Amino acid sequence: MSERTFVMAKPDAVQRGLVGEIVSRLEDRGLKLVGGKVMAIDRELAEQHYAEHRDKGFFEDLVGFITAGPVFAMVWAGEDATRQVRSMIGDTDPADADPGTIRGDHALDLGRNVVHASDHEDAGANEREIDLFFEEHELLDYERVDETWLYE
Ligand code: CDP
Ligand code: MG
């Protein structure tokens with residue numbers, strides 16, 4: 001089923017010039033970019049976005065990291081998009097991420113893993129995160145010209 005998912009190039013990806021690489025991989029796969037913006041995440045938004053990790057030992061470092069510089073927030077659409085993007089970004093810890101995944105090819109450290117994507121095992125996480133970062137009018141509904149060649 002076609003769905004939307006939230007993806008974010010984290011501050012390390014922006015600083016390391018990896019935004020284009022991340023966008024390119026998702027585009028090449030056939031996913032459709034329906035929203036995107038460079039933005040700063042303040043502490044309040046960081047705490048909301050990572051609410052599930054509030055009680056974890058790494059929470060303060062995580063909030064510090066994600067608020068440390070601009071991010072590139074995106075919404076991508078496509079068949080089974082949430083699960084497919086998760087498999088493309090790789091394991092949370094880049095040390096365990098398979099080569100060929102974004103984290104496996106571009107990161108080494110758990111605390112600097114370049115990209116966020118909605119969890120496909122957490123029902124509704126994609127739409128919840130989209131709501132947190134985007135107004136509906138910032139998201140466009142359109143057809144890619146290659147869609148008839150991407151889907152049977
Ligand atoms: O980002 P992902 O959904 O793969 O992982 P998560 O378990 O939801 O954790 C969110 C983020 O917290 C990770 O992407 C890491 O940046 C960070 N983290 C960390 O710094 N140390 C950990 N032990 C676990 C996660
Ligand atoms: Mg997560």
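How far does a polar side-chain atom of Lys10 lie from an oxygen atom of ligand 1? The answer is 3.0 Å, and the views below build outwards from there. Keep in mind that this is a predicted model.

**View 1. Lys10, His53 and Thr92 reach oxygen atoms of ligand 1.** Start with Lys10, whose side chain places a polar atom 3.0 Å from a ligand oxygen. Over at His53, an N or O atom of the side chain sits 2.8 Å from an oxygen atom of ligand 1. Thr92 joins in too, with 2.5 Å between a polar side-chain atom and an oxygen of the ligand. As for cover, ligand 1 on its own would expose 500 Å², and the protein buries 79% of that.

**View 2. A mixed shell wraps around ligand 1.** Sorted by class, the surrounding residues come to four nonpolar, three polar and three charged. Among them are Tyr50, Phe58, Leu62 and Leu110. Arg86, Arg103 and Asn113 also belong to this shell, as do the Lys10, His53 and Thr92 of the previous view.

**View 3. Ligand 1 takes up the largest pocket.** Here the focus shifts from individual residues to the space itself: what ligand 1 fills is the largest pocket.

**View 4. Helices and strands frame the whole picture.** Stepping back, the protein has eight helices and four strands. Read from the N terminus, the order is β-α-α-β-α-α-β-α-α-β-α-α. With a radius of gyration of 15 Å, close to the 15 Å from the globule rule for 152 residues, the protein is therefore as compact as a globular protein of that length. Its C-alpha trace spans about 45 × 35 × 30 Å along the principal axes.

Note on methods: Residues are numbered from 1 along each chain as its sequence is written. Chains are lettered from A and ligands numbered from 1 in the order in which they are written. This is a predicted model: local features need pLDDT of at least 70, side-chain atom pairs count only at pLDDT 80 or more; totals for chains, interfaces and linings use all residues. Side-chain values use heavy atoms; hydrogens and water are left out. A residue is near a molecule or strand if one of its heavy atoms lies within 4 Å of it. A polar contact is a pair of N or O atoms within 3.5 Å; within protein, one must be able to donate a hydrogen and the other to accept it, and residues adjacent in sequence count only if both atoms are side-chain atoms. Accessible areas come from the Shrake-Rupley method with a 1.4 Å probe; for residues, only the protein chains shown count as cover. On a 1 Å grid over the protein atoms alone, a cavity is a set of points where a 1.4 Å probe fits but cannot get out, and a pocket is an open set with protein on both sides within 12 Å along at least five of seven lines; lining residues have an atom within 4 Å of a point. A molecule sits in a cavity or pocket if more than half of its atoms lie within 2 Å of its grid points. Ala, Val, Leu, Ile, Met, Phe, Trp, Tyr, Cys and Pro count as nonpolar, Asp, Glu, Lys and Arg as charged, and the others, Gly among them, as polar. Helices (H or I, at least four residues) and strands (E, at least two) are DSSP runs, numbered from the N terminus. The radius of gyration is taken over C-alpha atoms; the globule rule is 2.2 Å times the number of residues to the power 0.38.
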